[in-house]
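Please take a moment with the sequence and the model before reading on. The paragraphs that follow move from the surface to the interior, and then to single residues.

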Amino acid sequence: MGRNLISFIKKNKNSIVENFALIFTAIIVGIIVSVVAQLLIIAAKNIFQFLFLNDSFSLRANIFGFDLNLLPFLICIPASLLVGLLLKYSRLTRWYGPADTILAAHHKAGTLDLKGGFVSTFASFISLSGGASVGIYGPLVHFGATISAFLRRLKFMPKIQHDIIIGSGVAAAISAGFGAPIAGIIFAHETVLRHFSLKA
């Protein structure tokens with residue numbers, strides 16, 4: 001049995017090394033994406049709570065018998081202006097989201113616009129902090145994919161299939177954002193990868 005195992009390892013050495021590199025890279029991507037995603041979520045939540053749910057930080061007015069806090073309205077305006085200026089000066093033609101992630105995972109080149117991804121994530125962060133009705137799911141999905149695509153381009157990273165790395169980033173972002181690791185894995189498989197191979 002020992003000889004059979006040794007001969008199996010010798011025959012499949014490249015495949016074994018590739019699989020260990022894949023697992024190691026996916027773990028690194030998962031840790032980085034989940035830490036950064038958690039920081040963004042915590043920061044946006046704290047800023048929102050300070051600006052909108054803080055009784056000592058309010059601007060109240062009585063309009064037609066209604067006691068209104070005008071501060072949210074005054075905060076939404078500069079936040080929206082900041083997002084508009086960000087779009088103008090970054091010279092992006094549009095914002096990027098989950099659809100771009102799915103396209104990159106299924107495209108042979110597997111490229112994501114890193115600048116567009118990071119700027120879109122920052123714009124979502126400003127919008128969330130400023131009280132805009134923006135969900136966190138879309139920005140998290142694209143952010144996870146953008147980080148993983150960025151890490152894949154680094155010279156010291158092993159060359160691994162782009163869809164697997166993108167899927168790892170998406171699963172980590174969803175897991176960190178919602179505290180649901182199994183849901184993150186299932187979501188990445190069903191929505192981004194769309195196949196259930198052993199390697200995936």
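A patch, as the word is used here, is made of residues with over 30% relative accessible area and no salt bridge, in which like charges are joined within 9 Å and nonpolar side chains (Val, Leu, Ile, Met, Phe, Trp, Tyr) within 5 Å. Accessible areas come from the Shrake-Rupley method with a 1.4 Å probe, and for residues only the protein chains shown count as cover. A salt bridge is a side-chain nitrogen of Lys or Arg within 4 Å of a carboxyl oxygen of Asp or Glu. The model is a predicted one, in which local features need pLDDT of at least 70 and side-chain atom pairs count only at pLDDT 80 or more, while totals for chains, interfaces and linings use all residues. Residues are numbered from 1 along each chain as its sequence is written, and side-chain values use heavy atoms, with hydrogens and water left out.

The chain contains 8 helices and 2 strands, where helices (H or I, at least four residues) and strands (E, at least two) are DSSP runs numbered from the N terminus. Followed along the sequence, these elements give the pattern α-α-β-β-α-α-α-α-α-α. The chain has 200 residues, of which 36% count as buried; buried means under 20% relative accessible area, exposed over 50%, and partly exposed in between (1.4 Å probe, protein chains only). About 12400 Å² of the chain is accessible surface, and 69% of that belongs to carbon and sulfur atoms. If contact is taken as heavy atoms within 4.5 Å, then 68% of the contacts between residues at least 6 apart in sequence join residues at least 24 apart.

On the surface, Ile 23, Ile 27, Ile 31, Val 35 and Leu 39 form a nonpolar patch that together offers about 480 Å² of accessible area. One of these residues, Ile 27, is placed in helix H2 (residues 13-52), and Ile 27 counts as partly exposed because its relative accessibility is 49%. An α-helix has 3.6 residues a turn, so residues three or four places apart point the same way.

Helix H2 also takes part in the interior. A nonpolar core is a set of buried Ala, Val, Leu, Ile, Met, Phe, Trp, Tyr and Cys residues joined through side-chain atoms within 4.5 Å, and the largest such core has 15 residues, with Val 29, Val 33, Leu 140, Ile 147 and Ile 160 making the most contacts inside it. Two or more residues of this core come from each of H2, helix H6 (137-152) and helix H7 (162-178). Apart from this core lies another, of 14 residues, which include Leu 112, Leu 114, Ile 166 and Val 170. Within H2, leaving aside neighbours within four places in sequence, Val 33 is in contact with Phe 143, Gly 144, Ile 147, Gly 169, Ala 172 and Ala 173. Ser 34, also in helix H2, is partly exposed, with a relative accessible area of 21%, and its contacts, with the same neighbours left aside, are Ala 172 and Ala 176.Helix H4 (residues 98-106) has a buried and an exposed side. Asp 100, Thr 101, Ala 104 and Ala 105 are buried in H4, and they lie on the same side of the helix because they cover an arc of only 135° around the axis, the arc being that of the directions from the helix axis to the C-beta atoms. On the other side of H4, Ala 99 and Leu 103 are exposed. The cover over the buried residues of H4 includes H6, H7 and helix H8 (181-193). In helix H8 lies Val 192, which is buried, with a relative accessible area of 1%. The C-alpha atoms of Val 192 and Ala 104 are 9.1 Å apart in space, although the two residues are 88 residues apart in sequence.

Side chains of opposite charge can pair when their charged atoms come close. The structure holds 1 salt bridge, in which the side chains of Arg 94 and Asp 100 meet at 2.7 Å, N to O. Arg 94 counts as partly exposed, at 39% relative accessibility, whereas Asp 100 is buried, with a relative accessible area of 14%. Not counting residues up to four places away in sequence, Asp 100 touches Arg 94, Trp 95, Leu 112 and His 142.
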